[in-house]
Each structure stands twice: as structure tokens, then as C-alpha cells.
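Please walk through the following structure from its beginning, with attention to how its helices are packed and where its backbone takes less usual values.

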Amino acid sequence: MSDPRPQLKDCSIEALRARFAEAGLPPWRAEQVASWLYGRGVEDPAQWTDLPLDLRARLAEEWRLRALEWDVLDRSSDGTAKGRLRAADGALVEAVLIPEGERTTLCISTQVGCPLACSFCATGALGFTRNLTVAEIVDQVCRMREALEPGQRLTNVVFMGMGEPLLNLPRVIEAVRLLLHPKAFALGPRKVTVSTAGIVPRIGPLLRAVPVNLAVSLHAADDAVRDVLVPINRRFPLADLLGALREAPELGPRRPVFFEWTLIEGVNDSPADARALARRIAGIPGKVNLIPMNAHADSAHRPPSPSACSRFAGELTRRGVTVTLRRPRGADIDAACGQLAARGAA
Ligand code: SAH
């Protein structure tokens, strides 16, 4: 039997304030609840010592307080940790913690599977099951915080796990608001990044709703190649995508776009590809993140050689493009970009 009670983590703080007010309680109890649940990560109302006992008992009785439970935690030799988490209906969701010096980034999922079927991505090969709820999105943060090593602190959250965030936009926006709220997770707006494969009509609404970073998975600078790699390009071609970014008043030098480019051998890794990329994004405030393709069983694509990757980066730098060449992380536990497929699922 499924639990019919509502999930407290589905509520925005404003919605919770309204519920408390309707029940004749002081609305600021909502902020107290948020600071226990999200700020301090204490999920048992019995421990919420600054709330009255009868309210604590009522909250514990009327609400569900957890949306995801632990299934498996895998740790990579490079410090990356992948959590496979289980929703109430049995759906499996993956999230990845990536420590990098002072910074620890959490990569979270927004859908079970993904409908976009990008040719090089393992999640795409799964197909689409359903959108995650707000509670399931933020509970990835709550669960994965439990996997932090002593002395580690979560500094950044990226919506780059399974799924296309802009196809689950209202819930992604509510989850981002909890990540940013000073009484909830209290992250700075530039510490949160939402990535899209290019659902063009939803980019403006996202940028206006929340002040986070935008990442765009580009991977090709001409439509013929991008149509194959990122099939949603047939609906929203490059001219539309780049035009929308060029015209978005929210973007600028202080809020640049992060262009993601998965380097694939023989497909988008030549110096001519780099020059075409530099030409197409000229005038858009942005940076390029290069990610050598992570190989996996569902794709025949391969990463280029390290020297081909450096040459590609060099071509961009010479044309004045700011570029970072990322090292793959967590590949030994299938936690790297494009490898999240909840494998081993029954
Ligand atoms: N759907 C959104 C969010 C997922 S982000 C988006 O596409 O932006 C996941 C990132 O990993 C995307 O930039 C994606 O293109 C990249 N990626 C997918 N498969 C990959 C692979 N096998 N190797 C390296 N990067 C990959």
C-alpha cells in the first residue's frame, strides 16, 4: 500500500507558510521546519526542539518527510561518489558527488530516464519513465550529504544528472528556490547550474524565474551533425538556440552561458570543428567546457586522444574563447557524464 500522505519537501516555503496560517499557526514555523529539514538535515520532527511538541507530533503524523531511500553508494578511486536512490514507486535515481579541491559539486537528476535520446548518452538509451517530483529532486541533496566525508561541505549543485531539466521546469524551479533559500540549503545563485540540451522556449522562463547559471549542451556547431547527436535539434535548431541566448537580457559577462561540448573522436573533435564553434558563439557571453566522451556499452562513440583534445582547446583559446578541458571523473563506477543509467536495476 502506498502512503497517501503528502510529501513535505514538495512544498515551497511560501506554500508551507500558507498551510500553517490556515491552521491558525504562526507562518514563520515554516522557516523553522525548513532550517531543520534542509539547513541542518534533521528529518525526525522529534528532534526539532524549537517547535512545540504537539506541532512536531502533528507534522510527523500528517506528512511524509523523505522521498528517496538509499539503494547503493559506490565510491570511485578518484573520490567521486555515486548514489543510487530509490523512490517510493521503486524508480531508481542517480546522483554524483564530485570533490575537487576546496569545492564539492553534487550532480542531480530531474527525470527517471530521459526522452531526448542523445546518441552518445547512456541515460538517453534508457528511454523516459517519468518526471521527478520536487521532493525527489531535493532529497538527492539530503541523501548525498550523508555521503560527504568528514570535513567535506557541499558547495555547488549542478542539474546535469539523468533527464532534461527544462522538460520538468516548474518542479526544477521550485527545487532551485529551496536550494537558494537562506533558511533551506542557502546556496549562492552562482553555485547552482541548470543544464539543457536546448529546449529553446523554456530558456527565457528559467532565466527569469531563478538567478542560476545556465549550461547548454552544444556538442556541434552545425545542424547536420547536431541533428544526429542531439535529436531535439531537429525541433530547435542551432540558429534558434543561439539566437535565444544572444537575445536573453539576463545573460551577460556576470552571468555567462556554459557551453558543454562532449569531444567525440571523428565526429566533433577536429580543428575545423573548433573554429566553427568559435565563430558560431562569437558575441554570446559564455565559456566552453570540453568533456572527452565517456565510453559506455550503449554507444559506439569514443573519446579523441588527449593530444586531439588539447589541440581543440588550443584552437578555441587562440580565438579568444574561454575554455576548460575537464578530466573525466568517476568513470570506474559509471558515474561520469552520460553514464548514469541506473544499471543493475532489477
Ligand atoms: N539533458 C541535460 C542535462 C544532462 S547534462 C543536458 O543535456 O544538458 C549531462 C551532460 O553530459 C550533457 O552535457 C551531456 O551532453 C553530457 N554527456 C552525455 N553523455 C556523455 C558521455 N558519454 N560522455 C561525456 N559527456 C556526456
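**From the first segment to the pocket**

Leu8 is placed in the segment before α1, in what is a predicted model. With a relative accessibility of 1%, Leu8 counts as buried, since the cut-off for that class is under 20% relative accessible area. Apart from its neighbours within four places in sequence, Leu8 is in contact with Leu16, Val33, Leu37, Tyr38, Leu59, Trp63, Arg64 and Leu65. A further relation links Leu8 to a distant part of the chain, for Ala135 is 127 residues away in sequence, while the two C-alpha atoms are 7.5 Å apart in space.

The helix that comes next, α1, comprises residues 13-22, and in it Ile13, Leu16 and Phe20 are buried. Viewed down the axis of α1, these buried residues fall within an arc of 60°, so they line one face of the helix. In general, an α-helix has 3.6 residues a turn, so residues three or four places apart point the same way. The partners against which the buried residues of α1 pack are α2, α3 (53-62) and α6 (169-180). Just after α1, Gly24 has a positive phi of about 80°.

How far does α2 reach from its first C-alpha to its last? With 12 residues, α2 reaches 15 Å, which is close to the 16 Å expected at 1.5 Å a residue. Of the 12 residues of α2, 10 are buried, so this helix is largely enclosed by the rest of the structure. The buried residues are Arg29, Ala30, Glu31, Gln32, Val33, Ala34, Ser35, Trp36, Leu37 and Tyr38, and what covers them includes α1, α3, α5 and α6. Glu31, which lies in α2, has a relative accessibility of 16% and therefore counts as buried. Once its neighbours within four places in sequence are left aside, Glu31 is in contact with Ile13, Arg17 and Lys183. After α2 comes Gly41, whose phi is positive and near 70°.

Helix α2 also takes part in a pocket: α2 (29-40) and α5 (134-145) each supply at least two residues of the lining of the second largest pocket. About 240 Å³ of space lies in this second largest pocket. Its lining has 14 residues, and those that lie nearest the centre are Arg153, Leu154, Phe185, Ala186 and Leu187. By class, the lining of the second largest pocket divides into eight nonpolar, three polar and three charged residues.

Further along the chain, helix α9 (residues 238-247) has Leu238, Leu241, Leu242, Gly243 and Leu245 as buried residues. These buried residues of α9 pack against both helices and strands, namely α7 (203-209), β9 (213-217), α8 (223-229), β10 (257-263) and α10 (271-281).

Two residues other than glycine also deserve a look for their backbone angles. His219, placed in the loop between β9 and α8, has a positive phi near 70° although it is a residue other than glycine, and its relative accessible area of 5% means that His219 is buried. Asp334, in the segment after β12 (323-325), likewise is a residue other than glycine with a positive phi, here near 55°. Is Asp334 buried or partly exposed? Its relative accessibility is 29%, so Asp334 counts as partly exposed.

Technical notes: Residues are numbered from 1 along each chain as its sequence is written. This is a predicted model: local features need pLDDT of at least 70, side-chain atom pairs count only at pLDDT 80 or more; totals for chains, interfaces and linings use all residues. Side-chain values use heavy atoms; hydrogens and water are left out. On a 1 Å grid over the protein atoms alone, a cavity is a set of points where a 1.4 Å probe fits but cannot get out, and a pocket is an open set with protein on both sides within 12 Å along at least five of seven lines; lining residues have an atom within 4 Å of a point. Grid points are joined across faces, edges and corners, and a volume is the space filled by probe spheres set on the points. Helices (H or I, at least four residues) and strands (E, at least two) are DSSP runs, numbered from the N terminus. Ala, Val, Leu, Ile, Met, Phe, Trp, Tyr, Cys and Pro count as nonpolar, Asp, Glu, Lys and Arg as charged, and the others, Gly among them, as polar. Buried means under 20% relative accessible area, exposed over 50%, partly exposed in between (1.4 Å probe, protein chains only). The arc is that of the directions from the helix axis to the C-beta atoms. Contact means heavy atoms within 4.5 Å. The expected span of a helix is 1.5 Å times one less than its number of residues.
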